[in-house]
Each structure stands twice: as structure tokens, then as C-alpha cells.
Amino acid sequence: MKKISMAIAAAATVLLSSAAMAQQAPNSRLYVNGAVGASHFDADCAGTESCDNSGTGARVMLGYELGGGLAGEVGYMSFGEAKATVGGVRAKIEAGGILLGVAFRAPFARDWDATARLGVISMKTKVSATDGVNSASDDETNTAAYAGLGLGYAVTPALHVELNVDFSRAEYTDAQADLRNFSVGLRYAF
């Protein structure tokens, strides 16, 4: 009986230590984050024959955990494009740029975390138009604020699936458009 109790205790110890090791985070603080999703330009469509303010946005970032849930991030974000037709002229607006910011990540349940991001983006807004024969394009780069919220689930200690929403603003001459991107992505810690 004593041998059976010792065997059960040894098996329980091995199982518990394996579960604890599986939940440990990777030793490195470096991570990559990529996401793709639906973007929206909050642009005025008044006076257009057709207008499509939705597109596909994407984000790729490299981050470094600083401790206490705080991380520094650098990357590229595209808010996709919006299209409109006015008097037979097809116009397209694209917005995206290099970003630099901080992220605060807080776990709130087993395998779940929430992330808040804040930073600046060097937003390049490109406007192009064509009437089928002639075409022209121009761009303008401005520094804008960006913010984001995310919800993550740990598939493994190193791999997280995330739902994100990011916000910023595009500017071209005197016009502005608020931007948002809802995305699904992955975060992988090295």
C-alpha cells in the first residue's frame, strides 16, 4: 500500500510540474505581432456618385517587454484605402506609416490579457485619381497620434491570438479623416 501511495504521489508531482512548466512564459522579452482586418475611413462622401470607405488594414510590430506589463513597440500599420467616383473620375485614398509607441498588457483571467496601445505614427496619406485616360497622384506625410485596444488569448506560453482595434487620423492638405482598423492577429514571443 505504501508503494502505491508513493507511486501516486510521484505521478502527481510529475504531472503538476509539467503543467507548471507549460505555463511559464518564454525567457526572452522580444516579440513580434502581426494582424490583418477591416479598416474604415471616416471621410465625407457627400457629392460622390459612389463611395467605399472600407478596406483591408494590416499591422506588423516588433516589441520589447520592459516589465510590469509595459512594452515598447515599433512597426508599420496600413489603414487600407477608400475609393470614390465623382463625375467619371475614380479617386483613391491610402493611409499608413511607421509607428512608435508603448503598450500596456494586463492579464485578467487564465490565458487571457488586455492590451492598450498609445504612440505616434508617421502617416503617409496618398491620393490618386484617374478618368480612364489621365491619372495623377500625390501624397503628404504627417505625424499623428494612434491608439489601440486588444484582447489576447494564450494558445501556448509563446503564441497569443489577438483581437484588436486601432485608431488614428489621415491628413491631406486641409482634409482629415478618422481611421480605424478591426483586426485579428498573432503575437509570438521569442
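User: I have the predicted model open. In which sense do β5 and β6 pair, and over how many bridges?

Analyst: Good place to begin! β5 and β6 pair in the antiparallel sense, and the pairing runs over 19 bridges. To see one residue of that ladder, find R105: its bridge partner in β6 is T115.

User: Which residue takes a positive phi in the hairpin of β5 and β6?

Analyst: Look at D111. This hairpin has two residues between the strands, and D111 takes a positive phi near 70 degrees. D111 is not a glycine, and its place is the loop between β5 and β6. With a relative accessibility of 23%, D111 counts as partly exposed.

User: How do β6 and β7 pair?

Analyst: β6 and β7 pair in the antiparallel sense over 19 bridges. Here you can look for K126, whose bridge partner in β7 is D139. The hairpin of β6 and β7 has four residues between the strands, and in it G132 takes a positive phi near 100 degrees.

User: What is the phi of T173, and where does T173 sit?

Analyst: T173 has a phi near 50 degrees, which is positive although T173 is a residue other than glycine. You will find T173 in the loop between β8 (159–172) and β9. Is it buried or exposed? T173 counts as exposed because its relative accessibility is 55%, and the cut-off for exposed is over 50%.

User: Let's move to side chains. How should I think about their directions along a strand?

Analyst: In a regular strand, side chains alternate between the two faces of the sheet. With that idea in mind, let's turn to the core.

User: How many residues does the largest nonpolar core have, and which have the most contacts inside it?

Analyst: The largest nonpolar core has 14 residues. Those with the most contacts inside it are F41, F79, A95, L99, I121, M123 and L179. At least two residues of this core come from each of β4 (70–86), β5 (89–109), β6 (112–130), β7 (135–154) and β9 (175–189). β4 gives the most, with three residues.

User: What is F41 in contact with, leaving aside its neighbours within four places in sequence?

Analyst: With those neighbours set aside, the contacts of F41 include F79, A95 and L179. Also among them are N53, G80, E81, A82, I93, E94, A177 and D178.

User: How do I describe a pair of aromatic rings?

Analyst: You use two values: the distance of the centres and the angle of the planes. This structure holds two aromatic pairs. For W112 and Y153, the ring centres are 4.9 Å apart and the planes are at 55 degrees, so the pair is tilted. The pair links distant parts of the chain, because W112 is in strand β6 and Y153 in strand β7, with their positions 41 residues apart. W112 is partly exposed at 35% relative accessibility, and Y153 is also partly exposed, at 34%.

User: Why is the pair of Y188 and F190 edge-to-face?

Analyst: The planes of Y188 and F190 are at 85 degrees, with the ring centres 5.5 Å apart, so this pair counts as edge-to-face. The cut-off to keep in mind is over 60 degrees. Y188 is partly exposed at 39% relative accessibility, while F190 is partly exposed with a relative accessible area of 45%.

User: Where does R105 lie relative to Y31?

Analyst: R105 lies over the face of Y31, at 5.2 Å from the ring centre. You met R105 earlier as the bridge partner of T115.

Note on methods: Residues numbered from 1 in each chain as written. Predicted model: local features only at pLDDT ≥ 70, side-chain atom pairs only at ≥ 80, totals over all residues. Heavy atoms only, no water. Core = buried A, V, L, I, M, F, W, Y, C linked by side-chain atoms within 4.5 Å. Buried < 20%, exposed > 50% of the residue type's maximum accessible area, 1.4 Å probe, protein only. Contact = heavy atoms within 4.5 Å. Phe/Tyr/Trp six-rings, centres within 6.5 Å; stacked < 30°, edge-to-face > 60°. Lys NZ or Arg CZ within 6 Å of the ring centre and 35° of its normal. Pairing = 2+ DSSP bridges.
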